[in-house]
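Biologist: Before I rely on a structure at the bench, I should like to learn how its features are read. Might we work through one together?

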Amino acid sequence: MSIEQLLILVKPDGVKKSLTGNILTKLSETRMLIIGAKTVKVNKELAERHYCQLKDKSFFGELVDYIQGKIYGESWNRVLAFVYQGNNAIARMRKIVGTTNPEEADPMSIRGAYGRITTKGVYENVVHCSSDSFEAEREIKLWFKPDEIVKHIYPTKEIVLEKEVKEVWA
Ligand code: DAT
Ligand code: MG
């Protein structure tokens with residue numbers, strides 16, 4: 001048994017279908033800890049970096065549009081991002097999330113129950129789930145800053161920033 005962290009995203013179709021509550025309830029059956037949580041409006045750069053391993057695939061452009069929620073309109077072009085931690089977390093979460101193709105996924109899994117393939121061939125599979133611990137570390141570091149996670153999970157360093165412009169409450 002090893003303690004692992006992973007990134008879960010409720011993708012824009014999950015947000016639009018108001019599935020966040022159902023998804024979190026289902027994931028809570030694992031009794032894993034949520035150690036980071038936020039809502040993110042995904043820009044093109046983040047979308048492309050998140051899916052960088054698929055950049056040569058024919059569906060890459062549509063995938064990048066999909067994770068940005070481009071087709072869903074202004075109210076729904078966002079995702080909810082979570083870092084979960086638990087024993088053998090990645091394999092256990094992927095079982096509940098279901099396989100990549102929502103039509104082939106176990107109907108009791110999240111993707112099997114709620115996902116669909118659009119007429120354009122986009123897999124709207126409702127959630128993202130890291131696939132292994134190497135990917136999980138890359139993805140968590142891409143989506144979260146160290147101080148947005150309530151546990152120390154990866155080494156950090158301190159840097160001094162000069163002339164940094166930052167938005168604060170007025
Ligand atoms: P997963 O999300 O299960 O880790 P992946 O990393 O291989 O799967 O692919 C990332 C996303 O890309 C996936 O959630 C949906 C989309 N995708 C994968 N294969 C696809 C295909 N053959 N056609 C359309 N979309 C696909
Ligand atoms: Mg993957």
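Modeller: The turns that follow take up the ligand site, a few buried residues and two backbone angles. Please note at the outset that this is a predicted model.

Biologist: Let us begin with the ligand. Which residues surround ligand 1?

Modeller: One lists the residues that have a heavy atom within 4 Å of the molecule. For ligand 1 these are Lys11, Tyr51, Leu54, Phe59, Leu63, Arg94, Thr100, Arg111, Gly121, Tyr123 and Asn125. Ligand 1 sits in the largest pocket.

Biologist: Which side chains have an N or O atom at a short listed distance from an oxygen atom of ligand 1?

Modeller: For Thr100, a side-chain N or O atom is 2.6 Å from an oxygen atom of ligand 1. The corresponding distance is 2.9 Å for the side chain of Arg111 and 2.8 Å for that of Asn125. As for cover, the protein takes up 76% of the 520 Å² of accessible area that ligand 1 has on its own.

Biologist: Asn125 interests me. Where does Asn125 lie, and is Asn125 buried or exposed?

Modeller: Asn125 belongs to the loop between β5 (123–124) and β6 (127–129). Its relative accessibility is 4%, so Asn125 counts as buried, the cut-off being under 20%. The side chain of Asn125 also forms a polar contact of 2.6 Å with the side chain of Lys11. Leaving aside residues up to four places away in sequence, Asn125 touches Lys11, Asp13, Tyr66, Thr100, Pro102, Arg111 and Gly115.

Biologist: What does Leu7, in a strand, touch beyond its sequence neighbours?

Modeller: Leu7 is part of strand β1 (residues 3–10). Because its relative accessibility is 0%, Leu7 counts as buried. Beyond four places in sequence, its contacts include His50, Phe82, His128, Ile140, Trp143 and Phe144. A C-alpha separation gives a further view of the fold: Leu7 and Lys141 are 134 residues apart along the chain, and their C-alpha atoms are separated by 9.7 Å.

Biologist: How many residues along the chain separate Met32 and Tyr84, and what distance separates their C-alpha atoms?

Modeller: They are 52 residues apart along the chain, with 6.3 Å between the C-alpha atoms. Met32 lies in the loop between α2 (20–28) and β2 (33–40). Its relative accessible area is 11%, and Met32 is therefore buried. Among the residues that Met32 touches, not counting those up to four places away in sequence, are Tyr84, Gln85, Ala89 and Met93.

Biologist: A charged residue next. Is Glu135 buried or exposed?

Modeller: Glu135 is buried, because its relative accessible area is 7%. Glu135 is found in helix α7 (residues 133–143). Its side chain makes a polar contact of 3.2 Å with the side chain of Arg138.

Biologist: Lastly, why would one look for positive phi values?

Modeller: Most residues other than glycine have a negative phi, so a positive value draws attention. Here Asn88 has a phi near 45°, and Lys163 has one of about 55°.

Biologist: Where are Asn88 and Lys163 found, and how exposed is each?

Modeller: Asn88 is in the loop between β3 (79–87) and α5 (89–97). With a relative accessible area of 30%, Asn88 is partly exposed. Lys163 lies in the segment after α7. Lys163 counts as exposed because its relative accessibility is 84%, the cut-off being over 50%.

Notes: Residues are numbered from 1 along each chain as its sequence is written. Chains are lettered from A and ligands numbered from 1 in the order in which they are written. This is a predicted model: local features need pLDDT of at least 70, side-chain atom pairs count only at pLDDT 80 or more; totals for chains, interfaces and linings use all residues. Side-chain values use heavy atoms; hydrogens and water are left out. Helices (H or I, at least four residues) and strands (E, at least two) are DSSP runs, numbered from the N terminus. Buried means under 20% relative accessible area, exposed over 50%, partly exposed in between (1.4 Å probe, protein chains only). Contact means heavy atoms within 4.5 Å. A polar contact is a pair of N or O atoms within 3.5 Å; within protein, one must be able to donate a hydrogen and the other to accept it, and residues adjacent in sequence count only if both atoms are side-chain atoms. Accessible areas come from the Shrake-Rupley method with a 1.4 Å probe; for residues, only the protein chains shown count as cover. On a 1 Å grid over the protein atoms alone, a cavity is a set of points where a 1.4 Å probe fits but cannot get out, and a pocket is an open set with protein on both sides within 12 Å along at least five of seven lines; lining residues have an atom within 4 Å of a point. A molecule sits in a cavity or pocket if more than half of its atoms lie within 2 Å of its grid points.
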